[in-house]
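Could you walk me through this structure in my viewer, stop by stop? I am new to the model and would like to know what to select next and what is there.

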Amino acid sequence: MILVSLFEQVSVHVFLLLVVVSGLTSFFTASFGAGGGVMLLGIMAQVLPPQLIIPLHGVVQLGSNAGRAAMSWRHIDWKLIATFLPGALLGAFIGSFVLVSLPPAIMYLTIALFILYLCWGPKLPKVVLGPWGTAMAGGVTTFITLFAGATGPLVAAFIKQIHADRFRTVATFATAMSLQHVLKIAVFEAAGFPLLAWLPLLACMIVSGAIGTWVGLRVLKRMPERYFHRVFNMILTLMAFRLIWQSMTLLTL
């Protein structure tokens with residue numbers, strides 16, 4: 001019955017497209033550290049109604065990130081996660097009271113410029129990368145993700161400033177994003193979003209994402225450290241330019 005109701009809202013072709021894309025973007029993130037979530041968000045925006053994109057994307061990305069974190073749990077920086085979580089909780093709490101359509105143009109531009117600074121600018125001061133700075137990053141990015149759904153590159157760029165090891169970067173990033181997506185889903189559930197109606201699609205996308213993650217982590221093991229960081233920075237930079245383009249497009253409308 002749920003499946004029949006779902007196919008009244010999306011075609012079989014869209015269903016299959018999203019399942020395949022979920023696997024490919026999860027493979028991309030597991031292999032190169034970031035970028036898959038933003039790619040998936042962009043594709044979902046082409047085939048789904050606007051009000052569905054961020055909550056559905058949050059569930060799929062929770063499955064993808066949680067799977068990646070579970071497969072690489074030995075490399076997670078739990079101390080960083082412990083300081084990231086309180087800020088994330090506060091950001092979600094504040095966001096739950098202002099869950100409205102904020103102007104996205106300035107938000108996209110700000111995220112993009114900060115990503116470019118984190119990738120190519122001087123290293124952040126130690127105080128910013130310490131517990132208070134990490135907690136603040138958790139709060140700000142969790143708040144923004146409720147409205148923009150595009151904070152993965154920002155979180156990845158921040159964690160990259162702290163860890164040089166590629167496995168530690170990927171595992172810790174996956175854990176931080178899992179926490180963010182859990183909080184995002186809780187906020188949308190409390191707001192009355194009907195996630196159950198989309199369960200078949202979400203389940204298939206999560207399974208596809210897990211397969212993509214498994215393959216991607218094996219590619220990561222074969223990748224030289226220096227090559228990983230070069231590709232990682234380039235992907236984040238491309239994501240930043242995409243956000244700038246989106247911002248400029250919205251400002252000229």
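Select Thr25 together with Gly36, Met39 and Leu40: leaving aside neighbours within four places in sequence, these three are the residues that Thr25 is in contact with. The model you are looking at is a predicted one. Thr25 itself sits in helix α2, which covers residues 12-32. Is Thr25 buried or exposed? With a relative accessibility of 5%, Thr25 counts as buried, because buried means under 20%.

Stay here a moment and show the side chain of Thr25. A polar atom of that side chain lies 2.9 Å from the backbone oxygen of Val21. Now add Ser22, whose backbone oxygen lies 3.2 Å from a polar atom of the Thr25 side chain.

Another threonine is the next stop. Select Thr83, which you will find in helix α5, residues 78-97. Which backbone oxygen does the side chain of Thr83 reach? It is that of Leu80, at 2.8 Å. Then add Pro131, Thr134 and Ala135 to your selection; Thr83 touches these residues, not counting those up to four places away in sequence.

Move on to Asn233, which belongs to helix α12, residues 225-251. Asn233 has a relative accessible area of 11%, so this residue is buried. To see what is around Asn233, bring up Cys119, Trp120 and Lys160, which Asn233 touches when residues up to four places away in sequence are not counted. Try a distance label here as well: the C-alpha atoms of Asn233 and Ile115 are separated by 9.5 Å, although the two residues are 118 apart along the chain.

Next, colour a whole helix. Helix α10 takes in residues 166-190, 25 residues in total. From the first C-alpha of α10 to the last you should find 36 Å, close to the 36 Å expected at 1.5 Å a residue. How many residues of α10 are buried? The count is 19 of 25, and this helix is mostly covered. Just after α10, click on Gly192, which takes a positive phi of about 95°.

Now switch on the surface. Select Met71, Val207, Ile211, Trp214, Val215 and Val219, which make a nonpolar surface patch of about 530 Å². Which helix gives the most to this patch? Helix α11, residues 199-222, does, with 5 residues. Pick out Ile211, whose place is in α11. Ile211 has a relative accessible area of 55%, so this residue is exposed.

Finally, zoom out to the whole protein chain. There are 12 helices and 0 strands in the chain. Buried residues account for 55% of its 253 residues. The accessible surface of the chain comes to about 11,900 Å², and 75% of that surface belongs to carbon and sulfur atoms. What share of contacts between residues at least 6 apart in sequence join residues at least 24 apart? In this chain, the share is 85%.

Conventions:
Residues are numbered from 1 along each chain as its sequence is written. This is a predicted model: local features need pLDDT of at least 70, side-chain atom pairs count only at pLDDT 80 or more; totals for chains, interfaces and linings use all residues. Side-chain values use heavy atoms; hydrogens and water are left out. Helices (H or I, at least four residues) and strands (E, at least two) are DSSP runs, numbered from the N terminus. Buried means under 20% relative accessible area, exposed over 50%, partly exposed in between (1.4 Å probe, protein chains only). A polar contact is a pair of N or O atoms within 3.5 Å; within protein, one must be able to donate a hydrogen and the other to accept it, and residues adjacent in sequence count only if both atoms are side-chain atoms. Contact means heavy atoms within 4.5 Å. The expected span of a helix is 1.5 Å times one less than its number of residues. Accessible areas come from the Shrake-Rupley method with a 1.4 Å probe; for residues, only the protein chains shown count as cover. Patches are made of residues with over 30% relative accessible area and no salt bridge: like charges are joined within 9 Å, nonpolar side chains (Val, Leu, Ile, Met, Phe, Trp, Tyr) within 5 Å. A salt bridge is a side-chain nitrogen of Lys or Arg within 4 Å of a carboxyl oxygen of Asp or Glu.
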